[in-house]
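Biologist: Please take one part of this model and give me a close look at it. I'm in my first year, and I'd like the terms spelled out as we go.

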Amino acid sequence: MARSVPPAVRTVLPWIAVWASVQAVVAVTARLVARRKNEGDESSTAIRRVQGVGGVELHPTNPKLTRVRVDLVMAGGVLDLSRLPRVPGGIDVTIRAFMGGMAVQVPPGWRVWWQFRGMGGMGADGPVVRTKDEAGADLRLHVVAVMGGVGIESGS
């Protein structure tokens with residue numbers, strides 16, 4: 001005896017197929033772009049990462065780190081700077097997130113300057129020291145987010 005598919009299931013199945021297809025296209029496209037754009041490793045002075053669907057964790061170890069750039073599409077990330085000493089001249093971090101988010105962890109006492117553009121949010125926990133002096137900051141964050149956000153955390 002053949003069972004018929006309920007109308008509600010017939011209505012939802014095409015939407016699920018479209019959702020799964022979008023996820024697959026984003027993941028494959030991001031992987032191809034990452035092969036060309038990713039630069040450096042955790043011991044480099046400059047790091048760039050592209051991540052689509054999934055997550056990325058960076059724990060830089062080079063005390064002469066100057067630049068980090070992360071592009072996220074439907075992805076999340078962690079940038080852990082908590083083990084680095086103060087870098088003369090500071091570190092520039094650029095984060096572009098579309099439907100994604102990132103946590104940035106900084107050592108206690110670091111002065112952090114940030115600029116946020118887009119639709120989403122940006123926040124910091126209590127101990128983060130925010131400065132208005134871009135040139136004198138230990139960390140300069142440039143964030144563009146659409147339906148995403150960035151959180152700054154400071155260790156105790």
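**Around D71**

Modeller: Let's start with R69, which counts as partly exposed at 22% relative accessibility (buried means under 20% relative accessible area, exposed over 50%, partly exposed in between, with a 1.4 Å probe and protein chains only). Before we go on, keep in mind that this is a predicted model, where local features need pLDDT of at least 70, side-chain atom pairs count only at pLDDT 80 or more, and totals for chains, interfaces and linings use all residues. Residues are numbered from 1 along each chain as its sequence is written, and side-chain values use heavy atoms, with hydrogens and water left out.

Now follow the side chain of R69 to D71: the two meet in a salt bridge, 3.6 Å from N to O (the rule asks for a side-chain nitrogen of Lys or Arg within 4 Å of a carboxyl oxygen of Asp or Glu). Side chains of opposite charge can pair when their charged atoms come close. D71 has R48 as a salt-bridge partner too, and there the closest N and O atoms are 3.1 Å apart. That second pair ties together distant parts of the chain, since D71 sits in strand β2 and R48 in strand β1, with their positions 23 residues apart (strands are DSSP runs of E with at least two residues, helices are runs of H or I with at least four, and both are numbered from the N terminus).

What about cover? D71 has a relative accessibility of 8%, so it counts as buried. R48 is on the buried side of the cut-off as well, at 15%. Compare that with R69, whose 22% puts it in the partly exposed class. Step back a little and you'll see R48, R69, D71 and R96 linked in a network of salt bridges. By this rule the count of salt bridges comes to 7.

What else does D71 take part in? Look for the open space beside it: the largest pocket holds about 210 Å³. It is lined by 17 residues, and the closest to its centre are V50, D71, L72, V73 and R96. So which elements does the lining draw on? Two or more residues each come from α1 (7-37), β1 (46-58), β2, β3 (91-98) and β7 (139-154). As for the words, a pocket is an open set of points on a 1 Å grid over the protein atoms alone, where a 1.4 Å probe fits and protein lies on both sides within 12 Å along at least five of seven lines; lining residues have an atom within 4 Å of a point. Points are joined across faces, edges and corners, and the volume is the space filled by probe spheres set on them.

Notice that D71 and R96 turn up in both stories: they belong to the salt-bridge network, and they are also among the residues closest to the pocket centre. V73 is another of those central residues. You'll find V73 in strand β2, which spans residues 67-80, and its relative accessible area of 32% makes it partly exposed.

Back in strand β1, the strand of R48, have a look at V53. Its phi is near 55°, which is a positive value in a residue other than glycine. V53 is partly exposed, at 27% relative accessibility. L58 is in strand β1 too, but here the cover is heavy enough to make it buried, at 2%. A positive phi of about 55° also shows up at M99, again not a glycine. M99 belongs to the loop between β3 and β4 (101-106), and at 39% it is partly exposed.

For contrast with the network, try another salt bridge: R86 and D138 meet with their side chains at 2.9 Å, N to O. This pair also links distant parts of the chain, with R86 in the loop between β2 and β3, D138 in the loop between β6 (129-130) and β7, and 52 residues separating them. Here the partners differ in cover: R86 is partly exposed at 45%, while D138 is buried at 5%.

One more stop takes us to strand β7, where R140 is found. R140 is buried, with a relative accessible area of 8%. Its C-alpha atom is separated by 20 Å from that of G40, which is 100 residues away along the chain.
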